[in-house]
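The following exercises concern a metal site and a ligand site. Please work through each task before reading its solution.

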Amino acid sequence: MRVLGIETSCDETGIGIYDTQRGLLSHAVYSQTEIHVEYGGVVPELASRDHVRKTLPLIRETLRQAGLGSGAIDGVAYTVGPGLVGALLVGAAIGRSLAWGWAVPGIGVHHMEAHLLAPMLEDPAPAYPFVALLVSGGHTQLVRVGGLGDYSLLGESEDDAAGEAFDKTAKLLHLPYPGGPQLAALARRGDPARYRFPRPMTDRPGLNFSFSGLKTFAFNTLQNAGGQGGLPPDDQTRADVARAFEEAVVDTLIIKCRRALRLTGIHTLVLAGGVSANRHLRERMAIAIEAEGGRLFYPRPEFCTDNGAMIAYAGAQRLLAGQAEALRFNVNPRWRLDELPPFH
Ligand code: KG4
Ligand code: ZN
């Protein structure tokens, strides 16, 4: 079965074609960074309008790359939540309409389920059961994954998501949107010994997170280090703050992941979501998990951030299980992972 996947939940238009026998055939992502950069963040209405412009041309391009005509597609998968309502409506409307026009089944996909399954596009893929750390712009969650559709939430952020904390701290450092990768690049030049940020909620039991205090800590550190006459701190200080922030987030995530593995008795950890593209996180997490005899899996960076390949994969699994949507669609901007229908 060949499934076309459409991702439009935020500021990336992503298209992928996944073949359940042959694997991923092609994928393409168009990022709206240039549109939102002057506003310092995603402007929902501009995001929706750009998805309207980009989705169909990108579908044509992805079909062309795979050497396929539209008649070769057996199902269409589109993100229906969580995400920005207008942006979701664009992808869902296009996806459901194409499925109707091509007389194939259509399926609405949960964006976080797709992130969580993205490592399945890699070789080797992790075996179930595993613990997944989902770290994106909107979510920070630890999930026990027993199998397809079998997800139990172990812990989540009580305030900002990890990616959100990266983005907000990046703003304090005067870095342009999208802040996470920019902050990571700046941190590379930073001295890890100069500042020490707290590791929030690691001194008490449980698997929840809280990241909003770190940006306040960064703000105060920058204020105290400010140049003379209210000038912003020098470049090295900004890099040192970025480094201290990144170390604190990575350490906190490592502590909670090790705890989750111990509590569940599972030895496989999966990293997914935009922040899992962070090189420092990947490297340090691998060392920490392997030191305990566990195994770490993560997708290639382009499948950590939003993309259509993961939507095609997740949709294909549900279509294979006989699930499909009737001739209507609905989006769910606040859809929770534990509200997903099971596979059987
Ligand atoms: O999964 P994603 O593309 O979109 C959502 O579903 O939210 O995640 C985007 C988030 C943003 O907050 C972005 O700053 C962060 O992932 N991010 C990173 C890196 N690459 C993306 N954060 C830290 N380091 C990175 N290299
Ligand atoms: Zn995402």
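**Exercise 1.** Which side chain has an N or O atom 3.1 Å from an oxygen atom of ligand 1?

*Solution.* The model is predicted, so local features need pLDDT of at least 70 and side-chain atom pairs pLDDT 80 or more, whereas totals for chains, interfaces and linings use all residues. Residues are numbered from 1 along each chain as written, chains are lettered from A and ligands numbered from 1 in written order, and side-chain values use heavy atoms, without hydrogens and water.

Step 1. The side chain is that of H111. A second oxygen-to-side-chain distance, 3.0 Å, involves H115.

Step 2. On the backbone, a polar atom of V275 lies 3.5 Å from an oxygen atom of ligand 1.

Step 3. Ligand 1 alone exposes 550 Å² (Shrake-Rupley method, 1.4 Å probe), and the protein buries 86% of that.

**Exercise 2.** Identify the residues that coordinate the zinc ion (ligand 2) and locate them along the chain.

*Solution.* Step 1. H111 (NE2), H115 (NE2) and D306 (OD) coordinate the zinc ion at 2.0 to 2.1 Å. Donors are N, O and S atoms within 2.8 Å of the metal (3.2 Å for Na, K and Ca); water is not among the atoms, so sites may look incomplete.

Step 2. The donor spacing is H-x3-H-x190-D. H115 in helix 4 (residues 111-117) and D306, in the loop between helix 10 (301-304) and helix 11 (308-320), are 191 residues apart. Helices are DSSP runs (H or I, at least four residues), numbered from the N terminus.

Step 3. H115 has a relative accessible area of 0% and is buried; D306, at 14%, is also buried. Buried means under 20%, exposed over 50%, and partly exposed in between (1.4 Å probe, protein chains only).

Notes: Helix = DSSP H or I, 4+ residues; strand = E, 2+ residues; numbered from the N terminus. Polar contact = N/O pair within 3.5 Å; in protein donor to acceptor, adjacent residues only side chain to side chain.
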